[in-house]
Amino acid sequence: MAKLTKKQKEAASKIEKNKLYSLKDAAALIKEVASAKFDESVDIAVKLGVDPRKANQMVRGVVTLPHGTGKDVKVLALVTPDKEAEATAAGADYVGLDDYLQKIKDGWTDVDVIITMPAVMGKLGPLGRILGPRGLMPNPKTGTVTMDVAKAVAEVKAGKIDFKVDKTGIVHAGIGKVSFGAEQIYDNAHEIIQTLIKLKPTAAKGTYIKGIHLTSTMSPAIALDPKAV
């Protein structure tokens, strides 16, 4: 096990062992325990009482964070020529079709989100083995396959993220930066937690939200009180 650095020990000492914090307190504390010289990302992990192996207990959705993610999201719009101008105007970083499909076939995936149109999805099918494992395959459920390309691009740039419970029953999401104010971190975390509550599958029995942890890139995890949210 790697030894903790002096800064890591100092950060860990600020978090009370076995204490479950309120979201408001955790949002303030995460700023105190972040010690890196760069602007660390703030992440949330929510353990759900679901069995992701069962289709009727899969939790997946989208949420627009009130204050964005703090990250410059690179968007590729794979669209027909008649949609290129609106995608560009909405802020897409890369716009086109066949040239970019070829680049992806050759191994290029230097983007965070791909937005496309229903008519183009047929061309993306063969690229599933490249895009799927990287979480880049567009999906109508997340709003990344749409005729309203401009709206989709603008929403992603403004802080819209999609999330999906993993095979262990945990939802992970980036919700900001430590340079955000504590209230901004609170608002973003609160938004995703409330969205998860609304998405509770009817087939899920017992305790739905079993645990919540807030972390920054280099900090120890801060445990939240699930009952308080």
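Helix H8 (residues 182-198) lies across strands S1, S7 and S8 of this predicted model, running at about 155° to S7. Helices (H or I, at least four residues) and strands (E, at least two) are DSSP runs, numbered from the N terminus. Such angles run from 0 to 180 degrees between N-to-C directions, with axes fitted as lines to C-alpha atoms, for helices over the stretch in contact; contact means heavy atoms within 4.5 Å. Helix H2 (residues 23-33) lies across strand S1 (41-48), S8 and S9, and runs at about 175° to S9.

The strands just named belong to an open sheet of four strands, ordered S7-S1-S8-S9, with antiparallel pairing. S7 (170-177) and S9 (222-224) are the edge strands, each pairing on one side only. Two strands pair if DSSP finds at least two bridges between them. Strands of a sheet pair through backbone hydrogen bonds, either parallel or antiparallel. Strand S8 (residues 209-216) is joined to S9 by three bridges, and Ala223 in S9 is the bridge partner of His213.

The protein chain as a whole contains eight helices and nine strands. Its radius of gyration, taken over C-alpha atoms, is 19 Å, which agrees with the value near 17 Å for a compact globule of 229 residues; the globule rule is 2.2 Å times the number of residues to the power 0.38.

Residues are numbered from 1 along each chain as its sequence is written. In this predicted model, local features need pLDDT of at least 70, side-chain atom pairs count only at pLDDT 80 or more, and totals for chains, interfaces and linings use all residues, while side-chain values use heavy atoms, leaving out hydrogens and water.
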